Structure formats: structure tokens, C-alpha cells
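This briefing goes through a two-chain model by topic. Please view the sequence and the structure first.

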Protein chains: 2
Amino acid sequence: MQVFKATLAYDGTDYAGFQRQSNARSVQQVLEEALVPIEGGEVTVTGAGRTDSGVHALGQVASFSLTSAIDPSELLGALNAVLPEDVRVLNVEHAAQGFNARFSARSKVYRYRIFNARVISPFERRYALHISRSINLQQMKQAAAALEGEHDFATFQAAGGNVRTTVRTVTRSEWHERPLEGGGRLLIYEIAGTGFLKYMVRNIVGTLIEVADGRRSPGSMPELLASRRRGSAGPTAQPHGLYLVRVDYDTAAPVSFS
Amino acid sequence: MQVFKATLAYDGTDYAGFQRQSNARSVQQVLEEALVPIEGGEVTVTGAGRTDSGVHALGQVASFSLTSAIDPSELLGALNAVLPEDVRVLNVEHAAQGFNARFSARSKVYRYRIFNARVISPFERRYALHISRSINLQQMKQAAAALEGEHDFATFQAAGGNVRTTVRTVTRSEWHERPLEGGGRLLIYEIAGTGFLKYMVRNIVGTLIEVADGRRSPGSMPELLASRRRGSAGPTAQPHGLYLVRVDYDTAAPVSFS
């Protein structure tokens, strides 16, 4: 068996997330279906991050094993030829035996996009959250920076989350802005870390928007983290502004070309 | 009657162009339908440019007259509340009596986007032409520059075009590039002029792509223009890369607030 590592981009609009669901179309499903004719049998694909329903990916990573000795570049072409247009394989490479896109992942980067203008561009309606009111970016920046470091993020975990520990390390949590051609600006949140809890990024963004609106103090993050109560944080921001940007792995791992 | 000037953006993917068609949905139709409840009767909308089926707009301009004394800002809100999400009104203002979005237009800017990378981003599949092969941008720039000035553009007019004169003035014809996050680059063509013939921009782009591929010399544009034969030029580039960016009017015209 040869292990493969594939990097994917997808428009999550029409998917119930990455992970296979019994009653709705998932990215995992279309990917596994695309692999069947290549492998001549069932293939199970593991994704680095689950991504919720409607969430997009610029650099999701998936791993799978094939008995077929196909060349990675050929595999990329064969997959893109049969996959729906809203899922694209950007890269395929051989991976070491034992490589698992989920468990071998060292860190991930997510991005959240807010279209801050009077009227949202029709080209962004599926790809950014629209906020027409004035936003205090400085206050959002201040609050976001307070999330960097190792913290217990239980406050930002969806109710019903069930993990061993809710302590995670966030290595970067920052906002950037870009002026828009037609007026207004695009606000871009980037958060990088070793792991993320269920709905964590969207719950953080929903809370930071309350800071931007003056409904919550930019200095209140340490106290909010300490509360460990989901009810103390803001609402879950809508999925269509969120992107899984990148997943990083140890580059030291030897790659087998057997 | 009060004359209004509205600036629109639309995702042209699901429209048979701006102009009303008997058998397909057009932007004009959805705009006129949105105006009916506001006016309490039929309204005819005139667009600055027709835009072909599948072509997008960032700043199309439309004019229409209403008997209703509605405030422009209120009208903007009322229209966006009922229009489909892929058509947005970006601005509404009063215009002078006699203002006509089409006949009062002094110049227009169009843009054509090419996604030049191995695999197209799923987020750009409806919004840029995908070319995976290597492109000689310098040669496209040289050929594009030769189109600036007053020329007879009959070579680039769709067969069956029926206008008084095919002489037009192009004030700008240039390519820009932007690196893409995932590798590759976005090639952006901008052309500004006093008027455009049917399919002219797409026929120019189809021809410039042949220059980029080395199938046509970058110095061949003067001769090609002189031929006045559509058959000598390249194919019509696909509509989904094209945008009507802006329409300019004389700012000196007095605006009536009657």
C-alpha cells in the first residue's frame, strides 16, 4: 500500500462539511467516490480538519492509501477530472507509512472574512460575512491578541464538545484589513494554533464582533477565558466566512517511496 | 417624473445578460420586476452596457423614471431587499431630466480575469478563465498596447454586428498580474474606451491569448486591425472572465431635484 497526502481547496457552500454524513453530501464522500475507479475498490479518506457545514477550505489535507501504483501527478489529474468543480485537488504527494492527515497534523491556520461595506458584493455573498455597520477594528485587534498563547478555550467550545482537554495553544490571532475597490473594507481574521475545538473559531469571531460593536470590552478576554462558560461568549459566527487555510506537518518525517 | 441613476454589481452566471430576453432571465427583468411594487406599475430600465450572457458587472449603470417621490437611499434599500442576491444595487442618485444610462455614457471600463495556475481555485471557477499552461505576459502587454488610440475595430466585432461605424477610441489597454496565494498568478486585462462593439473585448482577449501562446506575433495588431476581417482574429474568450467595471458620464450635467 502506498500512502498519499492530498491538498484540497473547496467551496463549502453545498457541502455538509468535510466528514462523511449518512444523510448529506460531504467532501469526504465525493473524494472517496472519485477514488473508487482509480483503486478499483473502496478507499477511506482522512481529513486533517472536519470543517463544519458550509465552511470552505483553501488548504485542507487528506490522507489515504492505495494499492494502485499511480504517480502522484497522474492521480491529481485523474481526481480533478471526476470531482465536482467546487472541490479541487491542488497537490498530491507520497507520504510516509503511518502518515495520517488528522493525527500527524502539528498546526492549522484558519481565516475568517468580513465584508464591511454598505452593500455586499454579489461575488462575496457566499464567501464573507456581511456587516454594514461601522466596526471598531482596533478593539477587535486588541481582544484577538489576548487569545494568543496556551489557554483553556472551553468558553469557545460548542456545547456538547467531548474532548480530553480544552487547553490549546494559539500561536497567532490577528486582524488585517484591505480596502475594497467599491468602498468599504475587507476584515480578515487569521488564527493559527496546534488544535481547535468544535466551533472554536466561529465562536471567537462571534465574540470579537461584539467587541467591535462596543457590547463587550476589548480587555475582557482573560476573564472570559477563565469563566469556561460557553454562555458567556458571543454567538457562533456564520460558516460561510470561515476557511481552513493550511495544515502543517513535521517536515522531518521520512517519506517512503516504496 | 424623477429620473434615477443606479449603479449595480451582478454575478452574471445565471443571467442571459443585462438586456431583457423573451425566453431567459435577464438583469433588466429582475430590476424592472423589483421596481413594480415601488412604482405601483411598470417601469422600463435602460442599462449603460448590454453585457452578454454570463458576463459580470462591478459597476453597471441603469437609468429609469419614477412618479413616486422616493428618497434615493430608501430606494436602494427597497431594491436590495427584493432583488436576488446575485444582483446588488450599490448606489442610487437623482439624475437630470433626459439622463439616459446608455446614451449619456462617455466611457466604459471592462476587465478580463485569467487564472493562470495548474489548478483553478474553486472560488474562481465562475469568475475567471482558467489557463494552466505558461503564458508570455510581456508579449500580451505589447500587443494590448497597440490597441490604444482611435482605430477601426471591425476585426473584433462579432459577425452580424450592425452599427453605423466600427471606429472606436480605446484610451487604455493593459495587462497587470497579481501573484496567487496558492501559487500561479492572476492576469488582469483592463480596457477603457468611448464605446465597444459586440463581443469586442472577448474577441480581443481571445486574440491576445494567441499572442501569449506564441501563435501570433505581438507586433501583428496594426495589420490585424487593418484587415477588418473577424476571421483573422482569435476566438471569442469565454464570458465568465469578463466584467463591466465602470461607466463614466459628464459630471458637468446639471442634476434636477424637481
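Helices are DSSP runs of H or I with at least four residues, strands are runs of E with at least two, and both are numbered from the N terminus. In these terms, Gln142(A) is found in helix α3 of chain A, which covers residues 137–145. The model is a predicted one. Its chains are related by a turn of 180°, and the points below take up the fold, the domains, the core, the chain contact and some single residues.

**Chain A as a whole**

- Chain A has 5 helices and 10 strands.
- The radius of gyration of chain A is 19 Å, and the globule rule gives 18 Å for 258 residues, so chain A is as compact as a globular protein of that length.
- Along the principal axes, the C-alpha atoms of chain A fill a box of roughly 60 × 40 × 35 Å.
- Buried residues make up 42% of the 258 residues of chain A.
- Of the contacts in chain A between residues at least 6 apart in sequence, 73% join residues at least 24 apart.

**Domains of chain A**

- Domain 1 of chain A spans 2–104, and domain 2 spans 106–245.
- The C-alpha centres of domain 1 and domain 2 of chain A are 27 Å apart.
- The contact between these domains takes 13 residues from domain 1 of chain A and 9 residues from domain 2 of chain A.
- On the side of domain 1 of chain A that touches domain 2, there are 8 polar, 4 nonpolar and 1 charged residues.

**Nonpolar core**

- The largest nonpolar core holds 144 residues.
- The residues with the most contacts inside this core are Leu8, Val201 and Leu208 of chain A, and Leu8, Val201 and Leu208 of chain B.
- Val201(A), one of these residues, is in contact with Tyr110(A), Tyr112(A), Ile191(A), Phe196(A) and Leu242(A), leaving aside its neighbours within four places in sequence.

**Symmetry and the contact between chains**

- A turn of 180° with a shift of 0.0 Å along the axis lays chain B on chain A with an RMSD of 0.0 Å.
- This is the relation of a two-fold axis.
- Phe123(B) is the residue of chain B that comes closest to the rotation axis, with its C-alpha at 4.8 Å.
- Chain A and chain B each give 19 residues to the contact.
- On the side of chain B that touches chain A, the elements giving two or more residues are β1 (2–10) and β4 (87–95) of chain B.
- The largest share of that side, 4 residues, comes from β4(B).
- By class, the side of chain B that touches chain A consists of 11 nonpolar, 5 charged and 3 polar residues.
- The copies meet through the same surface, because 100% of the interface residues of chain B are also interface residues in chain A.

**Loop residues with positive phi**

- Arg228(A), a residue other than glycine, has a positive phi near 55°.
- Arg228(A) sits in the loop that runs between α5 (221–227) and β10 (242–249) of chain A.
- There are 14 other C-beta atoms within 10 Å of Arg228(A), so this residue is partly exposed.
- Tyr199(B) also has a positive phi, near 65°, and is likewise not a glycine.
- Tyr199(B) belongs to the loop between β9 (185–193) and α4 (200–212) of chain B.
- Tyr199(B) is buried, because 21 other C-beta atoms lie within 10 Å and the cut-off for a buried residue is 20 or more.

**Two further residues**

- Gln142(A), in helix α3 of chain A, has 17 C-beta neighbours inside 10 Å and so counts as partly exposed.
- Gln142(A) and Glu32(A) are separated by 110 residues in sequence and by 43 Å in space, C-alpha to C-alpha.
- Ser26(B) is placed in the loop between β1 and α1 (27–39) of chain B.
- Ser26(B) counts as buried, with 21 C-beta neighbours inside 10 Å.
- Not counting residues up to four places away in sequence, Ser26(B) touches Tyr15(B), Ala16(B), Gly17(B), Phe18(B), Gln19(B), Arg20(B) and Gln21(B).
- Leu197(B) is 171 residues from Ser26(B) in sequence and 20 Å from Ser26(B) in space, C-alpha to C-alpha.

Key
Residues numbered from 1 in each chain as written. Chains lettered and ligands numbered in written order. Predicted model: local features only at pLDDT ≥ 70, side-chain atom pairs only at ≥ 80, totals over all residues. Buried ≥ 20, exposed ≤ 12 C-beta atoms within 10 Å, placed from the backbone. Contact = placed C-beta atoms within 7 Å. Nonpolar A, V, L, I, M, F, W, Y, C, P; charged D, E, K, R; others polar. Domains from an automatic or database assignment. Rg over C-alpha atoms; globule rule 2.2 N^0.38 Å. Core = buried A, V, L, I, M, F, W, Y, C linked by C-beta atoms within 7 Å. Least-squares fit on C-alpha atoms with pLDDT ≥ 70 in both.
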